[in-house]
Amino acid sequence: MADREYPVEQVESVPEQMGFRIDKLRALKENGQDPYKITTGRQTHHAADIVADFKNLEDETVSVAGRLLARRGMGKVSFADLLDRSGTIQIFSRLNNLGDESYASWQNLDIGDLVEVTGQVFRTKTGEISIRNSEWRLLAKSLRPLPEKFHGLRDTDTRYRKRYLDLIVNPEVRETFIKRSRIISFMREELERRQYLEVETPLLNTIPGGATARPFVTHHNALNLDLFLRIAPELFLKRLIVGGLERVYEIGRNFRNEGMSNRHNPEFTMLELYEAYGDYHSMMELSEALIAGACMDINGTYEIEYQGTPISLAPPWRRMTMVEAVHEFAGINFDSIANDEEAREAARKRGLDDVPANMTWGEALSKCFEEFAEHHLIQPTFIIDYPIEVSPLAKIKQGTNGRLTERFEIFIYGREHGNAYSELNDPFDQARRFEDQKRRREAGDEEATLPDDDFIEALEIGMPPTGGLGIGIDRVVMLLTDQPSIRDVLLFPTMKPLGSQIPENQAFSEGEAITYDQFTTDSQTIDLSKVKVEPLFEDMVDFETFSKSDFRVVKVLNCEEVPKSKKLLKFTLDDGSGQERIILSGIKEYYAAQSLMGKTLVAITNLPERKMMGIPSQGMIISSVYEYDGEENLNLLILDGNIPAGAKLY
RNA sequence: GAUCCGCUAGCUCAGCCGGUAGAGCACCUGACUUUUAAUCAGGGGGUCUGGGGUUCGAUUCCCCAGCGGAUCACCA
């Protein structure tokens, strides 16, 4: 990597504060004290442990390592707060203890620097447990100022995009993610206790199934095959039940190509589990054990507050049929409604706007529930017995004339947190329901699932009666950590790229999502009969002339479009010399700038400098060119990434 | 996708009726040997998100765009 003057390109925007820090770093390096050469840090204790165990640690010598967060100078003594993974501890430094030189360099540190400090544990005059600095080392320099210490980092956009800053300056954020990890661990432990087997099923699906949602599409080059990111692991996990594993679960990411909100991220984490010989009743008990148990584990109580609303997660939770819920909150008794027409009439009378003429009893019930009941369900409630129309994978509940299924959803704070069924294991019925989905898809419903014949075949082998449960982990974490948005419980929520980072090849407009992968695959399957190459040159070049051409392997450090130019891409290259090399190349119609980042290419480096669009170009990048079906085709020579920059070509 | 709101120094925010910008923290210089958002004195730092328009003059008014947030719709 080139020895750049400044570590980042936007240095112009913060010349002052970064400049001071870079100067300090340079002085250290010149003094033979390059902090980046240090390979370890000594941590005998962590900040929080020292505070917690002060009785035993008083006057003991400890070593801590972490980031300086605040400094309070008093002249010949100073105080600093050091942050490690456990929290902060105060460092007390005194000229008398450190000596002139060491104290002066300590005073020269900046907020954000990473240091190791060794000293005795003691309590200051004002009572704060501290470490008396007797020896210290700078472990890494921080070149950029941290966000403000008192208000922290508030701007949500920056918090999500630069989570490392958020984690440094907003301690409660670290707390939330530690709790998130703990919640997931707890659920694993609980399922382990119940002899569940953790399994992993494919994220790349040929048929996206198990839920109704629009999938993401991607492409496999070697197989020349479109694949979908999974929308749910359900159909795979049930195959494992058929296979006799009896109790399986998977905690993993699902991908749904739908809207985003404070409760929806395109990729989200689900716990999905299946228990042979169980049903939705056993799933209710398990739901309580998992969610209330996790709450007790991290909060030490079942009584929590979510966004100011008290919620009691103490089991057992209320169980209520959907019919009962609609009766209670909407005043309509669907039990006494005999047919679809009456159901539509009742819904209309109650004030439901969108009542299509073909709406069924079940659809009307479900709609009334969503409209009038759902938001009342603040305390944890199992809503059970869903209409068959909205439950394509659940068993029919006996004694309901085939209108209801054995299904429940968990509602807390008016939001759905989980979904469970007595799983449908009748292959004939399942095949019929797939057919139904197919019809809906042909009618334009993009969310309708594709028929999965192999899954039907698995059911034909025989699946035991099974209870299945899905829990939205992100929502549970939101609830248990009192976070208002799903983005607050995802370390790196999906964000739109900022303007300058949007790759050109993202032609993902409606309907025609051509991925870059497809683009390159297409160019691999060329019809050789349509290829025409230029005749070989007849004129010879003598070896001496040829050997003066300096062909070098270069790495693409950056590649961007030249503004206002139709053809030019601007490459910033590492040619192994330590100096960056700028080369402009007219290949924009063949390659997207973003797709070439990091690639290993060939360039001729000893051509006279030439200005293009006012930018001097220092050489040429080598491509192969041929005619294909009357059109010129071009491929960059892209080499194995293991060839180092600067390697000479003979 | 729709509606509303926001974007000003590294960070958190002021900036009125249009007259080329302020505070606190952070940073730099100095003082200070037990501070707690240390204190005190002095100093530097801005493409007011971008592009148009109105105007003698736009951070301010208007339009368009970008990004973010909230609400709605869909979903978990």
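Here are a few notes on the RNA-binding surface and one buried strand of this predicted model.

1. Ground rules first. Local features need pLDDT of at least 70 and side-chain atom pairs count only at pLDDT 80 or more, while totals for chains, interfaces and linings use all residues. Residues are numbered from 1 along each chain as its sequence is written, chains are lettered from A and ligands numbered from 1 in the order written, and side-chain values use heavy atoms, with hydrogens and water left out.

2. RNA strand B has 50 residues around it, the closest being Asn96, Thr126, Lys149, His264 and Arg475 (near means a heavy atom within 4 Å). Of the strand B atoms that come within 4 Å of the protein, sugar and phosphate make up 53%. By class, the surface splits into 22 charged, 14 polar and 14 nonpolar residues (charged: Asp, Glu, Lys and Arg; nonpolar: Ala, Val, Leu, Ile, Met, Phe, Trp, Tyr, Cys and Pro; polar: the others, Gly among them).

3. Some polar contacts (N or O pairs within 3.5 Å) to look at: a polar side-chain atom of Glu128 sits 2.7 Å from a base nitrogen of strand B. A polar backbone atom of Arg154 is 3.0 Å from a phosphate oxygen, and a side-chain N or O of Arg161 is 3.1 Å from a sugar or linking oxygen.

4. Now strand E11 (267-276; strands are DSSP runs of at least two residues). Nine of its 10 residues are buried (under 20% relative accessible area, 1.4 Å probe, protein chains only), so E11 is largely enclosed by the rest of the structure.

5. E11 runs antiparallel to E10 (247-255), with nine bridges; pairing takes at least two DSSP bridges. Tyr249 faces Leu273 there. E11 also pairs antiparallel with E18 (466-472) over seven bridges, where Glu275 partners Gly467.

Technical notes. Polar contact = N/O pair within 3.5 Å; in protein donor to acceptor, adjacent residues only side chain to side chain. Buried < 20%, exposed > 50% of the residue type's maximum accessible area, 1.4 Å probe, protein only. Helix = DSSP H or I, 4+ residues; strand = E, 2+ residues; numbered from the N terminus.
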